[in-house]
Each structure stands twice: as C-alpha cells, then as structure tokens.
Amino acid sequence: KGQYIYDEHGREYLDCINNVSHVGHCHPDVVKAAHEQNQLLNTNSRYLHDNLVDYAKRLSKTLPEKLCTFYFLNSGSEANDLALRLARQYTKHEDVIVLDHAYHGHLTSLIDISPYKFRNLEGQKEWVHVAPLPDTYRGIYREDHKDSVLAYANEVKKIIDQAQKKGRKIAAFFIESLPSVGGQIIPPEGYFQMIAEHVHKAGGVFVADEIQVGFGRVGKCFWAFQLQGEDFVPDIVTMGKPMGNGHPIACVATTKEIAEAFADTGVEYFNTFGGNPVSCAIGLAVLDVIEKEHLQAHATQVGNFLMELLNQQKVKHPIIGDVRGVGLFIGVDLIKDQEKRTPATKEAEYLITRFKREYILLSTDGPGRNVLKFKPPLCFTMDNAKLVVDKMDEILTGDEFEAVGPKSQNCFAPVKARPSLPIVKLKAILENFGLNLSSEAL
Ligand SMILES: Cc1ncc(COP(=O)(O)O)c(C=O)c1O
C-alpha cells in the first residue's frame, strides 16, 4: 500500500526505490479501473476502443504539440526497439550514439545499444558509438570546467565526425533524460539542445528514453527532458515502467513525419496486447491520480526536503561526496576520498544491507555501484524522508560503520540479530537436508 510493502509476516518495508509503483502500491483507483474494464471487455488492438484514443489524447496534452503520434506496447524494451526501427526507417541510416553505462532494454537490439550490458558480453557493434556520460561530478569534465555543457556536447560532435569519416551514418542519439543506471546523473541544462543540433545535422533523430524518469517524477515538469528548457523537443519519446503503476504498458510518441515514413513501408504496426482496453484504462487512472493527488507538486516538495536533509549529512559525513537530484529522483554519491572521488562501493553495499535490516529498501547504481538511488513511489512523505536520513546518520555515525565500514574489508559482519527466519524458509532448508519440521513444532 502506498510507499510500503509487506512481507509474508506482515512486516512493513519503506520502499524508496520503486519507480514502477509510481502513484503507490495497489492504488485503489488504479485497481478499480483495471477491474471495471476487465469486467466489460479486454481484447487485442485489432478491435478499436475509445480507451485507446482517450489515452493517446490525454498523453498528448502532456507533450509538446509536435509529438502527436502514439504507439502502444507492453514494455520499455519494446518501446525502445520500436524507436530504433522508427529512427532507421525515417533516416535510412543505421548507426546509434548512446551514453556510456546506459541501459535501454533487454532485447537483442537494445543490449547492442546498452554499454551497461554489452561491455560484459561480446562487446560493441560497429554501428554503435559511445559518448561520455555528462556527469559533472565524476565525469571527464567536472563542475570546475569553464563550459562543461559545450565540452560534453563537443564529445558527441567528435564521435559523429569520426563515424562519418568512416562512411557511417547516424540514425539516432538515444539518451535517458536523466541517466539512472549511469548513477542518477542530472545532465547540465542546454546539453540536449546542443546534441540535437549535431545529431540533426548528421541526419539523425533524438530519442529521449523516459522509461524510468517520466510521468511527473521530477516534479516541476511532467517529462524529464523538459528540464532542459521549453525550446527542446525530442523527435521520439519512449515511456514504460510508471505508466501502468505495475501493469505492463509502454508507449512511443513521435512526430507525424517520422510516423508517416514508418507507415510508408506498407508494413503495418500491430501489437496484440499493446493499447488494449484494460491497459489504457489503467494508464488513464494513473494520469488521474497524478493530477488529483497533486503528485508533481508533492514530488518537488518532498524531494527538496530530502535533498536538504541529505546535504546536511554531506557536511557531517565525508563519505558523502555529492547529493544530486530533482523531484523524487535523487542520488547520493559515496566516496572513499575527497580528492579522487574513488567510489565507496563496499560501503554503499553495506549501507543498503543495513537499511534493509531496518525495513528500508534502498539500492545502488552507477558504474562504481556507489550511488544510493532514491526513486520512491510519488506518495513518499516528508516523514519518510526524515526517517531514512536519520537512520543513515545513525549508521554512518555509529561505531558499527567505523569498525566494519570504510576501514575494514569485513563490511558485512552482523551488527545485530536479524529478524528470525521465516518459518517457510526454515522448513525449506530443513527439507533440503531430508528433515521435517512437524506442524506440532510449528
Ligand atoms: C532507462 C530504461 N529503458 C528501458 C528499460 C527497459 O524496460 P523494460 O524492462 O520494461 O523492458 C529500462 C528497464 O529497466 C530502463 O531503465
């Protein structure tokens, strides 16, 4: 319920990372919308249904006018794969530029454009080009650089020039509007506009992946790409995760020109489940809840408060190198030393393990797995924020962290008794050894 989840013993966990249960776990309005539409009709999208059109209309109100064509799908991966097809069909080019450490999905085509994955597999395809993350904290151009926006944009220009020298042609630049797997990065304002100019000049299109960060998470805007300024409009926007509050639904929004070029192939777009009446009823309900409960304003208010508390911790604990974020998308970059900003990977892992024992679910991201990521359901409260930060302070201050934290290899020494093993688990373990736990014993 809301920002809480419960285990089989009814123990309550505060969920600080679930950007799928966007308006809160099991939100009654969303559950009701699904149930009511399920009782009426659910079928594939060969059958036209008002929900599909109503939903596309509602989504179009959140986007710049130019993005007026919508394709519905069932997962973020499907959305990015379609975006790739649209880009290639429209530009008649093949190559893609992506940011380092990016993740865009699990399909074959998307593993190829996800350095986060392909670096551990067969490697980089010749049609893929990787640009540096525009990370002004630990990237190649930092906050002390006189024009980091221009410097990072020039890196992309360099990549385009080099690719063109080899006779390659750019179809698209894919970017998560706020790179999350990359370490909760906030690209500097104006970066997208500069890149779009270079990419357009090369005949390519700009794809904004909003699969994690869209739908009002950033508070002041509905879409994270809008943080770059009103003058910026991507050519394609992909959406997923929060869209159905846990129900599988995704979308690609694009321009009329790109959609027409795609239709010109004569090969129709068909997706059995994409845009079915139940998915669209759920999508509409999510939009209603965001509006009705003023969740964007709430994300700003609670996010600012959380950032303020975290910044107070930064002054107190040198392990906190950077606190960055917008709305309820926040990263806490943990470091071993101020000068080199070496990622405090083990310490970060230790912290999230400890948080879990306190019934708080947090996680890490970034190439060094040292960035604590906050992306809770948008109903997360000020009290929740205070609880987490107080707990963080307690752990970082205590002997426990001194003893087993940064100064020792043994980060995971038990610090206090874990809650007792659930009976079902105990039973399964015993059964593994051929032993039985009798019901009397239970
Ligand atoms: C930024 C981004 N794009 C795309 C995807 C793929 O979405 P899905 O898992 O729904 O296929 C993910 C999933 O984690 C993601 O984080």
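Q: What makes the shell around the ligand divide into nonpolar, polar and charged residues, and how many fall in each class?
A: In this predicted model, the shell around the ligand holds two nonpolar, eight polar and three charged residues. The sorting is by residue type: Ala, Val, Leu, Ile, Met, Phe, Trp, Tyr, Cys and Pro are nonpolar, Asp, Glu, Lys and Arg are charged, and the others, Gly among them, are polar. Local features need pLDDT of at least 70 and side-chain atom pairs 80 or more, while totals for chains, interfaces and linings use all residues. Residues are numbered from 1 along each chain as its sequence is written, and side-chain values use heavy atoms, with hydrogens and water left out.

Q: Which residues that surround the ligand are the closest?
A: The closest are Gly76, Ser77, Asp209, Gln212 and Lys241, out of 13 surrounding residues (a heavy atom within 4 Å). Helix α3 (residues 76-91) gives the largest share of the shell, three residues; helices are DSSP runs of H or I with at least four residues, strands runs of E with at least two.

Q: Why does the pair between Asp209 and the ligand count as a polar contact?
A: A side-chain N or O atom of Asp209 is 2.8 Å from a nitrogen atom of the ligand, and the limit for a pair of N or O atoms is 3.5 Å, so the pair qualifies. An N or O atom in the side chain of Gln212 is likewise 2.8 Å from an oxygen atom of the ligand. For Gly76, a backbone N or O atom lies 2.9 Å from a ligand oxygen atom. The protein buries 85% of the 390 Å² that the ligand exposes when taken alone (Shrake-Rupley, 1.4 Å probe).

Q: Why do β3 and β5 stand at the edges of the sheet?
A: The open, mixed sheet has seven strands in the order β3-β9-β8-β7-β6-β4-β5. β3 (69-73) and β5 (128-131) each have a single partner strand, so one side of each is left without a neighbour in the sheet. Neighbouring strands are turned by 20° against each other on average, direction ignored.

Q: What makes β7 and β8 a pair?
A: Pairing requires at least two DSSP bridges. Strand β7 (residues 205-209) and strand β8 (residues 236-239) have three, in the parallel sense. Asp209 has Thr238 of β8 as its bridge partner.

Q: What makes β2 a partner of both β1 and β12?
A: β2 (residues 12-15) has three antiparallel bridges with β1 (residues 4-6) and two parallel bridges with β12 (residues 360-361). Ile5 stands opposite Tyr13, and Asp15 opposite Leu361.

How values were computed. Polar contact = N/O pair within 3.5 Å; in protein donor to acceptor, adjacent residues only side chain to side chain. Axes fitted to C-alpha atoms, helices over the stretch in contact; angles between N-to-C directions.
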